[in-house]
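Colleague: Please pick one part of this model and look at it closely. I would like its packing first, then its surroundings.

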Amino acid sequence: MTYYKATLRVVNEVGVLARIAIRLRKFQVNIRSLDVAPIDNTEEFSDIHMTIETEKKGIAIIMKKLATLIPVVEVKYEEIL
């Protein structure tokens, strides 16, 4: 298994985190740590910082699928060595 640091910028809506967790579950991704915080005072957008554990070969596909969710604005990820 390989660890990745992923950051998702999302629109603040009810159920956003649940939709992301469900999508990760479909790909059998384990969330090792999770932090969510608004990015400004308007609280229109938040950043979700996650450390995830998954197979190395499928991470690009997983991140593309997360990016297709409606409340997700931006997805970044990097491997943790």
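**The packed side of H2**

Modeller: The buried residues of H2 pack against E1, H1, strand E3 (45–54) and E4. Packing here means contact, with heavy atoms within 4.5 Å. Helices (H or I, at least four residues) and strands (E, at least two) are DSSP runs, numbered from the N terminus. Before going on, note that this is a predicted model, where local features need pLDDT of at least 70, side-chain atom pairs count only at pLDDT 80 or more, and totals for chains, interfaces and linings use all residues. Residues are numbered from 1 along each chain as its sequence is written, and side-chain values use heavy atoms, leaving out hydrogens and water.

Which residues of helix H2 are buried? They are Ile59, Ile62, Met63 and Leu66, in a helix that runs over residues 59–67. Buried means under 20% relative accessible area, exposed over 50%, and partly exposed in between (1.4 Å probe, protein chains only). These four span an arc of only 95° around the axis, so they sit on the same side of H2. The arc is taken from the directions that run from the helix axis to the C-beta atoms. The general rule helps here: an α-helix has 3.6 residues a turn, so residues three or four places apart point the same way.

Now take the partners of H2. E1 and E4 are both among them, and an aromatic pair links these two strands. Tyr4 belongs to strand E1 (residues 2–11) and Tyr77 to strand E4 (residues 72–79), 73 residues apart. The structure holds one such pair. Its ring centres are 6.4 Å apart and its planes meet at 70°, so Tyr4 and Tyr77 are edge-to-face. Rings of Phe, Tyr and Trp (its six-membered ring) pair if their centres lie within 6.5 Å; planes under 30 degrees apart are stacked, over 60 edge-to-face, and the rest tilted. Tyr4 is buried at 3% relative accessibility. Tyr77, at 36%, is partly exposed.

Thr2 is also in E1. With a relative accessible area of 14%, Thr2 is buried. Residues up to four places away in sequence aside, Thr2 touches Ile52, Glu53, Thr54, Lys56 and Glu79.

Glu53 leads on to E3, the strand where it is placed. Glu53 counts as buried, at 13%. Its contacts, without neighbours within four places in sequence, are Met1, Thr2, Tyr3, Gln28, Val29, Asn30 and Arg32.

Gln28, one of those contacts, lies in the loop between H1 and E2. Gln28 is exposed at 70%. Its phi is positive, about 55°, although Gln28 is not a glycine. Glu43 has a positive phi of about 55° too, and is not a glycine either. Glu43 sits in the loop between E2 and E3 and is partly exposed at 47%. Most residues other than glycine have a negative phi.

H1 is the remaining partner to visit. Leu17 is found in helix H1 (residues 16–26), and is partly exposed at 39%. Leu17 joins Ile31, Leu34 and Val36 in a nonpolar surface patch, with about 300 Å² of accessible area together. Strand E2 (residues 30–38) gives the largest share, three residues. Patches take residues with over 30% relative accessible area and no salt bridge, joining like charges within 9 Å and nonpolar side chains (Val, Leu, Ile, Met, Phe, Trp, Tyr) within 5 Å. A salt bridge is a side-chain nitrogen of Lys or Arg within 4 Å of a carboxyl oxygen of Asp or Glu. Accessible areas use the Shrake-Rupley method with a 1.4 Å probe; for residues, only the protein chains shown count as cover.
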